[in-house]
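Me: Please take a close look at one part of this model, the place where two chains meet through their helices, and set it in its surroundings.

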Amino acid sequence: MYFRMITSSLIRRRSRMIVALLAVAIGATILSGLVTIYYDIPRQMGQEFRSYGANLILVPSGDDTVLGYDVAERVKTFIAKDDAVGIAPYRYGTIKVNEQPLMAAGTDINEVKRTSPYWFITGQWPEADKEALIGQEVADLIRLSPGSRFTATGTDGGGNSFSRDFVVSGIVQTGGTEEAFIFMSLSDYGDMMGNSGGIDVVECSISASQTALDDIVSQISENIENVTPRLVKRVTESEGSVLSKLQALVYLVTVVVLLLTMICVATTMMAVVTERRKEIGLKKALGAANKSIVMEFLGEGLLLGAFGGLLGVALGFMFAQTVSMNVFSRPISFQSFLIPATLIISVAITGLACLIPVRNATDVDPAIVLRGE
Amino acid sequence: MDLLELRDISKFYGNVKALQNIDLTVKQGEWLAIMGPSGSGKTTMMNIIGCMDKPSNGSVVLEGTDISKENAKNLTNIRRDKIGLIFQQFHLITYLTALENVMAAQYYHSMPDEKEALEALERVGLRDRARHLPSQLSGGEQQRVCIARALINYPMLILADEPTGNLDEMNEGIVLDIFKQLHRDGSTIVVVTHDPEVAEGTQRTVVLEHGRISRITQNENK
Amino acid sequence: MFLRMVKGALFRQKGKMLMIAFTIALGASLATAMLNVMLDVGDKVNQELKTYGANITVMPKGASLLDDLYGIEEGSGVSDQYLRESELGNIKTIFWAFNIVDFTPYLNTKARLNSRNDEVELVGTWFSHYLNLPTGESLNTGMINMKSWWDVSGEWLTDQDENFVMVGSLVAGRNNIQVGDSITIDIGGQTKELTVKGIFDAGGDEDEQIYAPLRVAQEFTARPGLISRIEVSALTTPDNELSRRAAQNIKSLSIKEYEIWYCTAYVSSICYQIEEAVTDSVAKAVRQVAESEGAILEKTQLLMLLITILSLVGSALGISNLVTASVMERSREIGLLKAIGAHDGAISGLVLVEILVTAVVGGISGYFAGLGFAQIIGRSVFGAVIDIKPMVIPIVAVLVSLVTLAGSVPSIRLLLKLRPAEVLHGR
């Protein structure tokens, strides 16, 4: 009978219950949506911060002047697969174009795209062999534009002279030293200079917190000999400070929004229950003990809270997903603990919001309630 | 045997004296009407008889026990076990069907029993309307549901407040017939009314005026 | 009589009306707080992003970055071009002067350290320089503001420290230099004895350099009043199609586009304006900083926008929900009014005016509460006051009135359909 009364109340008083359910669902949606976003912010924003480029560089240490060719592969074993945004090895050497001495850099173009997303390219990234990306300064110096050809000459590691033709695929602008380089693939570079040397520098862009980065640094220096990993302070420190601010922002916003929403839900529930004072009086006149009236309203509240909460979990996740896709173009990671948490909180708030007016109403004399039309 | 005895009761609301020095005895099986103009204290008296309110002075003795000093919780229990209430406004729970409204009274009393509730509705001629919501029933039908609900726990005292006040003549007749039948079966009934026609059918009429009993009439035909 | 009824409803049902006003106030304060924070978050985050350092470098026309490179000696393709220190103040006179947060001049020269043969770079700069501007204002600017990530053991230099230097950690490590040591610097045969006041770890190329106050470096190298480079930190608007086109070729813009571009704080238009203000200079955007700032700003603003929309929708639904609930509750009263002969219009008017009066009271108090919330967020996150945007007031006003109307109209219509007899005689 208890269950029958509760469900009848919920189903047959449809319009009022929809009002109440809506209130709970809004609260739960905001709760689960914002908390999901809050938890995902460091990860998502951290990815965005990777547009600042490499935050860890590897340079040779000890007596070695170069790193081994396999260093990039070996470093990868210390970085979680999802965290490694890009790992770009560089070889540097001097070449001559039109008798002008210039710096050539051999690198993995695909990795550079990921480690240095801020490079502004006029034309295209090199794709085929014998294509090169040249810095703006080089382009100005020897008057090259995308599509034009140049001949690189020089001597390789073994002292033999070489001459290779390249096509300019694009011109890179960074506002930094990169504008004075000629970039090409490692294989083209090796073809000119020979492969007797090694890698000069490895730039890594890793999406990780400061402590995780420190951890990676110590692991690399312990496990790979003759390599000095150095954090790019300007990037890592600033990222830490800005990211923590952003997280604090979303945190506070979440707290304020949740607080206000929960009070809003509570007042709506109170309004819905207060309306039923007459019914409470009648039940008392029929001989219902206060306890059983409280239990009935509580039961309704809990059921409402559970349904509203469930609805809110789904809607909130949809909202968070929409936000994530719109802002970061990446799906959001679902926090499974939010299902029980949202349910418990919405049930608790609805229950509480029901209890206050019901308690007040049960104190009322049934006679007054019945007569006081 | 005396079922209910009011001994010198008074009720004040602030300075307003709603009832003053009322003495009244209701016998087992009696059918009693309380009449009087508006403001004469009918409602206050009904609330006190129905254990919904306590007198300021004097005592209420129900089946030999003084209940006027009981607390609200015990009053609720007494009301639940011994009194069946019938209201002018019917006061059915809007979201429960006729049957469920009757069962709700059973539920607060002890255990809901659908069969018994259906029988109670049958007695008031509403078996085929059992699954309807109050909003789908006419006023007369709602009042009959209210009566069925009042009867379901076999109360010692049936207390009806203007039971026909909201009904047309035909339904009034039906309801009064049910009361007559109940009386024949031995129920004790107190009806608060200002309809002389209702009072006429009862055994005794108590007339209130300005919070005092001004007149008690025995209806000889019963 | 109408007024009397409204007054009666408002004051005699104080509790109920207070609750509605309270909920409306909550919703309004949420909207106010979120809108204010959202509108200001761009500026605030932009300020935070200044910790990444300069986003514009200014160099003499014809000078090249080539001398920065490993392996290429001075002289090959490097011209002896300099900017004038006296023109530095002009940077603060451009159209977007207000957006220039900091700037620092640099004078780079090669020097020999402790009579060893390998060269290091000596950089003269401002550390914390007090500058009187041509506009009559004054400004405190320099390295200390712009290199917040430097890790300094010992102390930062001041511009008055004539006999002190700061040494990069790699130089110090190689030469075994400690804080307090004396070092000898040799530039083109001239030598000078200097004390190391601080050793810094910048995590970049600067670790190979030695820093001295600008005046010291100028005297040392006999280049008084000259500088080789300026770093500028400016608040900028994220790049878009227009600014990219302008960056490539200003002449491709129509006059109208040019005006829009010039009057927007794009990094390219600020660069252009700096070039106008400083003779024979080339201002370049440091893309690493400028682009990333743009990306992060855009994401943050979009994120806040969506969260704001969510809370606006939430508070709107919350308010209209409660209004619906409280209007429906009054079925009996409305039935009675109809029974005594009130027309539908009169009843709707009565209920609407009541609700709107409540909404105004709630909305106004909510607005001020919301300002409070916005300041709490601003203070605790950014340590700065959130600017109060007047445009929030009409938005909140329209929102609150629309939402209360949306909440009350359907329920009033529903109630008007009821027959008074049914309502009064306990349905």
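Reply: In this predicted model, helix 10 of chain A packs against helix 9 (residues 287-328) of chain C, with the two axes 9 Å apart and at an angle of about 155°. Because angles over 145 degrees count as roughly antiparallel, helix 10 of chain A is roughly antiparallel to helix 9 of chain C. The crossing of helix 10 of chain A with helix 9 of chain C is right-handed.

The residues that form this contact can be named on both sides. Helix 10 of chain A contributes A:Phe319, A:Val323, A:Asn326, A:Val327 and A:Phe328, while helix 9 of chain C contributes C:Lys299, C:Leu302, C:Leu303, C:Leu306 and C:Leu310. Sorted by class, the contact between these two helices holds eight nonpolar residues, one polar residue and one charged residue. As background to such spacings along a helix, an α-helix has 3.6 residues a turn, so residues three or four places apart point the same way.

The helix pair may be placed within the wider contact of the two chains. That contact takes 60 residues from chain A and 63 residues from chain C. On the side of chain A that touches chain C, at least two residues each come from helix 2 (14-49), strand 2 (84-97), strand 3 (100-107), strand 10 (227-231), helix 8 (233-274) and helix 10 (290-328) of chain A. Helix 8 of chain A gives the most to this side, with 23 residues. By class, the residues of the side of chain A that touches chain C comprise 35 nonpolar, 15 polar and 10 charged.

A second helix pair, this one within chain C, may be set beside the first. Helix 11 (residues 344-382) and helix 12 (residues 392-417) of chain C have axes that come within 9 Å and cross at roughly 150°. That angle makes helix 11 of chain C roughly antiparallel to helix 12 of chain C, and their crossing is right-handed. Among the residues in this contact are C:Ile347, C:Val351, C:Leu352 and C:Ile355 of helix 11 of chain C, together with C:Val396, C:Val400, C:Thr404 and C:Ile412 of helix 12 of chain C. The residues of the contact between helix 11 and helix 12 of chain C divide into 13 nonpolar, five polar and one charged.

Methods:
Residues numbered from 1 in each chain as written. Chains lettered and ligands numbered in written order. Predicted model: local features only at pLDDT ≥ 70, side-chain atom pairs only at ≥ 80, totals over all residues. Contact = placed C-beta atoms within 7 Å. Helix = DSSP H or I, 4+ residues; strand = E, 2+ residues; numbered from the N terminus. Nonpolar A, V, L, I, M, F, W, Y, C, P; charged D, E, K, R; others polar. Axes fitted to C-alpha atoms, helices over the stretch in contact; angles between N-to-C directions. Parallel < 35°, antiparallel > 145°, perpendicular 65-115°, else oblique. Left-handed = near helix turned anticlockwise from the far one by under 90°.
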